[in-house]
Amino acid sequence: MNIVSILQAGLGVIVLMFLHELGHVLFAKLLGLKVYKVGFQWSPYPHFFVAADWPKQQLKRLIYLFSGSLITVTLFFISYCVNWLENSAIYYAFAIQLIIELNPFYSDFTIAAVTSNEFEANMNKSYADLYKERFAHYQFSYRWYIHFALWVIFILMLVKNNINA
């Protein structure tokens with residue numbers, strides 16, 4: 001992979017991250033949630049985010065949390081169907097974005113795993129403190145190990161697919 005392809009893949013990841021967050025904004029609006037801010041932050045790792053009202057109903061919360069990944073997976077499927085993934089920069093952009101989105105350390109999936117109806121009831125603490133507390137119980141639990149194992153298998157499949165291409 002040459003420097004141009006690396007830069008193209010990097011740009012592709014940024015575009016996919018933007019579209020992922022746009023999915024959260026779109027579904028927040030569809031669910032009647034107020035969007036306060038779309039931004040970028042460095043903690044716990046550099047990422048874009050959408051600050052919106054937190055849905056009180058679990059189904060709405062899951063729809064909101066998974067809406068960004070739905071956009072990414074839909075774009076991946078379309079790219080696969082029209083053979084855009086044959087372009088290595090596009091393939092790597094999607095691979096990196098999906099690895100980020102599915103990670104068991106901090107992603108929409110981990111947020112969904114640690115938040116529940118009781119999470120809303122305990123909002124006398126800051127969201128960050130409550131998340132850290134809940135994540136400490138989730139991390140290294142059997143559910144986390146399943147999440148981690150599936151994530152590693154997914155990464156290995158991406159690597160195998162790239163080697164066989």
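**Exercise 1. A glycine in the first helix**

G23 sits in helix α1; decide whether G23 is buried or exposed, then find how far its C-alpha atom is from that of V73.

*Solution.* Some ground rules before we start. This is a predicted model, so local features need pLDDT of at least 70 and side-chain atom pairs count only at pLDDT 80 or more, while totals for chains, interfaces and linings use all residues. Numbering runs from 1 along each chain as its sequence is written, and side-chain values use heavy atoms, with hydrogens and water left out.

Step 1: place the residue. Helix α1 covers residues 3-30, a helix being a DSSP run of H or I with at least four residues, numbered from the N terminus.

Step 2: check the cover. G23 has 1% relative accessibility, so it counts as buried (buried is under 20% relative accessible area, exposed is over 50%, partly exposed is in between, with a 1.4 Å probe and protein chains only).

Step 3: look across. V73 is 50 residues away along the chain, and the two C-alpha atoms are separated by 11 Å.

**Exercise 2. The start of α1**

Which residues join I3 in a nonpolar surface patch, and what is their accessible area together?

*Solution.* Begin with I3 itself: the residue belongs to helix α1 and is exposed because its relative accessible area is 58%. Its partners are M1, V4, I6 and L7, and the whole patch offers about 520 Å² of accessible area. Patch members need over 30% relative accessible area and no salt bridge, and nonpolar side chains (Val, Leu, Ile, Met, Phe, Trp, Tyr) are joined within 5 Å, like charges within 9 Å. A salt bridge puts a side-chain nitrogen of Lys or Arg within 4 Å of a carboxyl oxygen of Asp or Glu, and the areas come from Shrake-Rupley with a 1.4 Å probe, where only the protein chains shown count as cover for residues.

**Exercise 3. Helix α3 from end to end**

Test the length of α3 against its residue count, then list its buried residues.

*Solution.* Step 1: α3 has 15 residues, so at 1.5 Å a residue it should span 21 Å (1.5 Å times one less than the number of residues). The end C-alpha atoms are 21 Å apart, which agrees.

Step 2: the buried set is A89, Y91, A93, F94, A95, Q97, L98 and E101. Take A93, at 4% relative accessibility: its C-alpha lies 6.6 Å from that of G10, although the two are 83 residues apart in sequence.

Step 3: check the start of the helix, where a side-chain oxygen of N87 comes within 2.8 Å of the backbone nitrogen of A89. A polar contact is a pair of N or O atoms within 3.5 Å; within protein, one must be able to donate a hydrogen and the other to accept it, and sequence neighbours count only if both atoms are side-chain atoms.

Step 4: carry on into the loop between α3 and α4, home of N103. N103 counts as buried because its relative accessibility is 7%, and its side chain reaches the backbone nitrogen of Y106 at 2.7 Å.

**Exercise 4. Rings around W151**

Classify the ring pairs that W151 makes with F105 and F148.

*Solution.* The whole structure holds 14 aromatic pairs. Rings of Phe, Tyr and Trp (its six-membered ring) pair if their centres lie within 6.5 Å; planes under 30 degrees apart are stacked, over 60 edge-to-face, and the rest tilted.

Step 1: F105 and W151 have ring centres 5.8 Å apart and planes at 80°, so this pair is edge-to-face. The pair links F105, in the loop between α3 (88-102) and α4 (108-114), with W151 in helix α7 (residues 142-164), 46 residues apart. F105 is partly exposed at 38%, whereas W151 is buried at 15%.

Step 2: F148 and W151 have centres 6.0 Å apart and planes at 50°, so this one is tilted. They are three residues apart in α7, so about one helical turn separates them. F148 is partly exposed at 29%.

Step 3: zoom out, and F105, F140, W144, Y145, F148 and W151 make one aromatic cluster.

**Exercise 5. Odd phi angles**

What is the phi of N83, and what is that of F140?

*Solution.* Most residues other than glycine have a negative phi. N83 has a positive phi of about 65°; it is in the loop between α2 (58-81) and α3 and is partly exposed at 47%. F140 has a positive phi near 70°; its loop runs between α6 (127-138) and α7, and F140 is exposed at 52%.

Key
Helices (H or I, at least four residues) and strands (E, at least two) are DSSP runs, numbered from the N terminus.
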